[in-house]
Amino acid sequence: MKRSFVYLAVVTLAALAVVFFIAPGDRPSSDLTADALLLPGLAEQVNDVNSIEIVTAGNNTVVTLQKGEHQWGVDQMGGYRADWSKIQALLAALAQARVIEPKTDNPEYYSRLGVDDITAERAGGVLVNFGSDAEYTGVLIGKEAQGRQGQYVRLHDAPGSSLVDREFDVPVETIDWADARIIDVNSSEVAEVEVFHPASERVLVMRISADQTDFDLADLPEDREIKSSWAVNSLGSVMTLLDMEDVRPDDTVDWTDAIKLRLLKFSGVEILADLVQQKDEYFLRLKASHPAASVVSEDSGSTDQQQIDDQAAKDVANEVEKINLKVSGWAYVIPKDKFEAMAKKPEDLLKPLESS
């Protein structure tokens with residue numbers, strides 16, 4: 001009997017010790033339950049979301065994304081096209097997130113999880129505000145869990161925090177929410193690239209067919225040699241994976257002394273570019289056309305070849321329209337090395353003259 005009493009006392013003391021060492025603020029919220037959706041009903045209403053705001057420490061709004069008639073736009077970039085894949089991934093993650101376990105509802109412990117008030121200058125998380133019209137929901141995205149799956153979150157203006165079963169990709173730079181890819185033309189598609197400088201200097205590289213490995217430099221002086229095939233061929237890839245650093249309306253840039261570039265694809269699509277440097281920024285604007293495209297036949301009795309030609313002409317017209325829909329009216333800030341690659345002069349492609 002005495003031994004049983006001692007055992008009971010030890011168990012009781014151990015239990016009290018556990019209670020003592022769990023701070024009151026570490027108690028989980030009673031509002032969230034394991035395996036419940038973080039945002040019930042969002043999946044059914046996600047297509048109605050038309051605005052997203054990303055806010056960082058100090059209540060700093062990084063980006064405001066607005067859904068337009070045809071696409072999402074970035075307010076801080078004049079409404080330029082947003083990266084839909086990132087928006088889609090974020091909304092899907094929010095709609096599908098499930099609670100692994102409830103966490104603290106004591107504000108004194110929020111910083112441990114990175115879900116403290118976003119107005120704090122050293123707030124550790126990111127606030128995602130999203131909604132439709134006047135109805136908005138805010139979710140504080142906190143730290144990723146250590147040694148286990150998931151990330152800590154807290155509904156804005158609600159006490160309960162929780163660990164959910166996924167990790168969120170929430171960029172905190174404005175540019176990262178824009179569709180940064182300006183254009184992507186593989187060099188294998190390029191027939192000609194021509195560069196015109198204001199001082200009348202001109203560079204033209206060309207290929208007769210896509211089977212031709214190297215571009216030829218037109219008007220090569222008889223007493224000169226090209227620097228290398230690579231130097232000439234590099235002009236064929238100036239619009240490959242071309243990304244911007246920033247964007248603004250094109251009427252905010254002075255294009256008076258612009259370098260002109262013309263790229264012709266074997267398909268017949270022609271891309272015209274203006275290039276200017278202003279202070280430490282390098283600007284580009286684009287326009288697509290199809291001057292050599294054939295007129296689409298309306299003859300229902302056309303031959304197989306005519307049908308092929310008609311379809312090719314339609315494809316060219318569609319590509320031109322798609323490019324112009326994206327780039328028309330915009331001035332892109334591009335990296336210096338990309339600008340210099342486009343703005344080649346004849347001497348840049350030729351071996352130096354031997355000194356006499």
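How do the residues lining the second largest pocket divide into nonpolar, polar and charged? I opened the notebook with that, working on a predicted model. The lining has five nonpolar residues, no polar ones and eight charged ones.

**Entry 1: the second largest pocket.** I looked up its volume and noted about 250 Å³ of space. I then listed the lining, which holds 13 residues. Ile182, Ile183, Asp184, Lys322 and Ile323 lie nearest the centre of this pocket. Next I asked which elements supply the lining. β10 (181-183) and α6 (304-327) each supply at least two residues. The most comes from α6, which gives five.

**Entry 2: helix α6.** Since α6 had come up, I checked its length. The helix has 24 residues, and I noted 35 Å from its first C-alpha to its last, close to the 34 Å expected at 1.5 Å a residue. I wrote down the buried residues of α6: Asp310, Ala313, Val316, Val320, Ile323, Asn324, Lys326 and Val327. Ile323 thus appears in my notes twice, as buried in α6 and among the residues nearest the centre of the second largest pocket. The cover over the buried residues of α6 includes β4 (80-81), β10, β17 (270-278), β18 (281-289) and β19 (330-333). Just after the helix I found glycine 329 with a positive phi of about 90°.

**Entry 3: the largest pocket.** I recorded about 300 Å³ of space for the largest pocket. Its lining has 14 residues, and those closest to the centre are Leu42, Gln45, Phe130, Glu135 and Thr137. α2 (42-45), β6 (126-132) and β7 (135-144) each supply at least two residues of this lining. By class I noted seven nonpolar, five polar and two charged residues.

**Entry 4: helix α3.** I ran the length check on α3 (residues 84-96) as well. Its 13 residues should span 18 Å at 1.5 Å a residue, and the end C-alpha atoms are 18 Å apart, so the two values agree. I listed Ile87, Leu90, Leu91, Ala93, Leu94 and Ala95 as buried in this helix. These buried residues pack against α2, β1 (51-56), β2 (60-67), β3 (72-74), β6 and β7.

**Entry 5: valine 126.** I picked this residue in strand β6. Is valine 126 buried or exposed? Its relative accessibility is 14%, under the 20% cut-off, so I entered valine 126 as buried. Leaving out residues up to four places away in sequence, I found that valine 126 touches Ile54, Val55, Thr56, Ile118, Val139, Leu140, Ile141, Val170 and Val172. I also looked up alanine 57, which is 69 residues from valine 126 in sequence and 7.3 Å from it in space, C-alpha to C-alpha.

**Entry 6: arginine 262.** This residue lies in strand β16 (residues 259-265). I noted a relative accessible area of 16%, so arginine 262 is buried under the 20% cut-off. Which residue's side chain makes a polar contact of 2.7 Å with that of arginine 262? I found glutamate 192. Apart from neighbours within four places in sequence, arginine 262 is in contact with Glu192, Val193, Glu194, Leu204, Glu270, Ile271 and Leu272.

**Entry 7: overall counts.** I closed with the whole protein. I counted seven helices and 19 strands. Of the 356 residues, 40% are buried. Among contacts between residues at least 6 apart in sequence, 63% join residues at least 24 apart.

Conventions
Residues numbered from 1 in each chain as written. Predicted model: local features only at pLDDT ≥ 70, side-chain atom pairs only at ≥ 80, totals over all residues. Heavy atoms only, no water. Helix = DSSP H or I, 4+ residues; strand = E, 2+ residues; numbered from the N terminus. Buried < 20%, exposed > 50% of the residue type's maximum accessible area, 1.4 Å probe, protein only. Polar contact = N/O pair within 3.5 Å; in protein donor to acceptor, adjacent residues only side chain to side chain. Contact = heavy atoms within 4.5 Å. 1 Å grid on protein atoms, 1.4 Å probe; cavity = no way out; pocket = protein on both sides within 12 Å on 5 of 7 lines; lining within 4 Å. Points joined across faces, edges and corners; volume = space filled by probe spheres on them. Nonpolar A, V, L, I, M, F, W, Y, C, P; charged D, E, K, R; others polar. Expected span 1.5 Å × (residues − 1).
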